[in-house]
Each structure stands twice: as structure tokens, then as C-alpha cells.
Amino acid sequence: MFPSKNITIFALLFSTFLFLPGCGGDRPKTVKVSGKIEFKGFNIPDKGGFLYFAPVNSGMKRPTASPFDKNGNFQVSTYEKNDGLIPGVYKITLECLEHEISEENPIPRNLFPEKYTLPTETPLEITVVPGKEQFFNLVVEK
């Protein structure tokens, strides 16, 4: 099984919800969320990668994604650029592909171990509380 395939499917599914128009006044309030990932034992390509935020409570909120740069910096967007996350608990998965998808290489390898690619196994979890901007330091070890 290819871990990057799991994340790609997850990304496609929730991106459908991310870009669906909604009633702006009816949507839940977000809290600005940013952070930095410390990579221990990884060389991250200049293009960076993606974090995926999956709500722990399945009846709650909506999943979202955020790019991170080669230094691990990220700012989360749910409805609008850098607006953050809806308060709640999230499991975080990571994706950083060794190369772009192409005809010659249709299934690129995710540079992170499988435990960081599956919401059911990732040790990365955050709790976003209402009211104030939050910064998270995440540590990812090989």
C-alpha cells in the first residue's frame, strides 16, 4: 500500500468540501492557527509539503490542509487564506512527495513514515481553543 495514495484520496475528498460555496454568516468561526514543524532526521525538499488536519470528532467541523515550507513553517486556511481552524481537536498527517506525479512516475513515495500519513496512527494532535490566535510547535522524528 502506498501511504501517499491514502493522503491524496483524503485531500481530494475534503478539497471538494473546502471549495464548495457556503453561507458566510452560517459557518463556524475560525481561530488563526500557525506553527512550525521541527524535522528530526529528514531532508525536506525546497518545495515543502502539506499538513492535513482531520477533526477527531466525526460529527464536527471540516477537514482542511495547509502547505508548509522547507523550514516547516505553516499557516492554516479553512474558508479564507490564513483564517485558521474551527476550534476542536485535530489529528495531523503529513505529505511530502519525493517527486511530482508524472506518467513516468505515477506513484511518488511520501518522504514521511507511514505513521505520519494515516489519521488513525499519527502521533500529531492539536487542540484549537476558541478566542485567540494559536501557534503550534510540532516535532516529526524519523
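This section describes the nonpolar core, aromatic pairs, polar contacts and salt bridges of a predicted model.

The largest nonpolar core comprises 26 residues, and those with the most contacts inside it are Phe68, Leu94 and Phe112. Two or more residues are given to this core by each of the strands β1 (33-40), β2, β5, β6 (125-128) and β7 (134-141). Two of the residues named for their contacts in the core, Phe68 and Phe112, also appear in an aromatic cluster. That cluster is formed by Phe39, Phe42, Phe68 and Phe112.

In total, seven aromatic pairs are present in the structure. One of them is formed by Phe53 and Phe74, whose rings are tilted at 50° between the planes and lie 6.3 Å apart, centre to centre. Phe53 belongs to strand β2 (residues 49-55) and Phe74 to strand β4 (residues 73-75), so the pair ties together parts that are 21 residues apart in sequence. Both partners are withdrawn from the surface by the criterion of under 20% relative accessible area: Phe53 is buried at 0%, and Phe74 is buried at 5%.

Polar side chains also occur at buried positions. Thr64 is placed in strand β3 (residues 64-68). With a relative accessibility of 0%, Thr64 counts as buried. Its side chain reaches the backbone oxygen of Ser77 at a distance of 2.6 Å. A second buried polar residue is Asn110, which has a relative accessible area of 5% and is located in the loop between β5 and β6. The side chain of Asn110 makes contact with the backbone at two residues. A polar atom of this side chain lies 3.1 Å from the backbone oxygen of Leu94, and the side chain also reaches the backbone nitrogen of Cys96 at 3.1 Å. Leu94 is thus one partner of Asn110 and, as noted above, one of the residues with the most contacts inside the largest nonpolar core.

Three salt bridges were identified in the model. In the first to be described, the side chains of Arg27 and Glu80 meet at 2.7 Å, N to O. This pair links distant parts of the chain, with Arg27 in the loop between α1 (3-18) and β1, Glu80 in the loop between β4 and β5, and their positions 53 residues apart in sequence. Arg27 is partly exposed, with a relative accessible area of 31%. Glu80 is likewise partly exposed, with a value of 46%.

Another salt bridge joins Asp46 and Lys70, whose closest N and O atoms are 3.8 Å apart. Here too distant parts of the chain are linked: Asp46 lies in the loop between β1 and β2, Lys70 lies in the loop between β3 and β4, and the two are 24 residues apart. Asp46 is exposed, at 65% relative accessible area, whereas Lys70 is partly exposed, at 42%.

The remaining salt bridge is formed by the side chains of Lys91 and Glu125, at 3.5 Å from N to O. Its partners are found in strands, Lys91 in β5 and Glu125 in β6, and this pair links parts of the chain 34 residues apart. Lys91 is partly exposed, with a relative accessible area of 22%, and Glu125 is also partly exposed, with 44%. Strands β5 and β6, which hold these two residues, are among the elements that give two or more residues to the largest nonpolar core.

Two loop positions merit separate mention. Asn82 has a positive phi of about 60° although it is not a glycine. This residue is found in the loop between β4 and β5 (88-95), the loop that also holds Glu80 of the salt bridge with Arg27. Asn82 is partly exposed, with a relative accessible area of 22%. The other position, Gly41, lies in the loop between β1 and β2, where Asp46 is also found. Gly41 is exposed, with a relative accessible area of 54%. Although Gly41 and Lys142 are 101 residues apart in sequence, their C-alpha atoms are 5.4 Å apart in space.

Terms used. Residues numbered from 1 in each chain as written. Predicted model: local features only at pLDDT ≥ 70, side-chain atom pairs only at ≥ 80, totals over all residues. Heavy atoms only, no water. Phe/Tyr/Trp six-rings, centres within 6.5 Å; stacked < 30°, edge-to-face > 60°. Helix = DSSP H or I, 4+ residues; strand = E, 2+ residues; numbered from the N terminus. Buried < 20%, exposed > 50% of the residue type's maximum accessible area, 1.4 Å probe, protein only. Polar contact = N/O pair within 3.5 Å; in protein donor to acceptor, adjacent residues only side chain to side chain. Core = buried A, V, L, I, M, F, W, Y, C linked by side-chain atoms within 4.5 Å. Salt bridge = Lys/Arg side-chain N within 4 Å of Asp/Glu carboxyl O.
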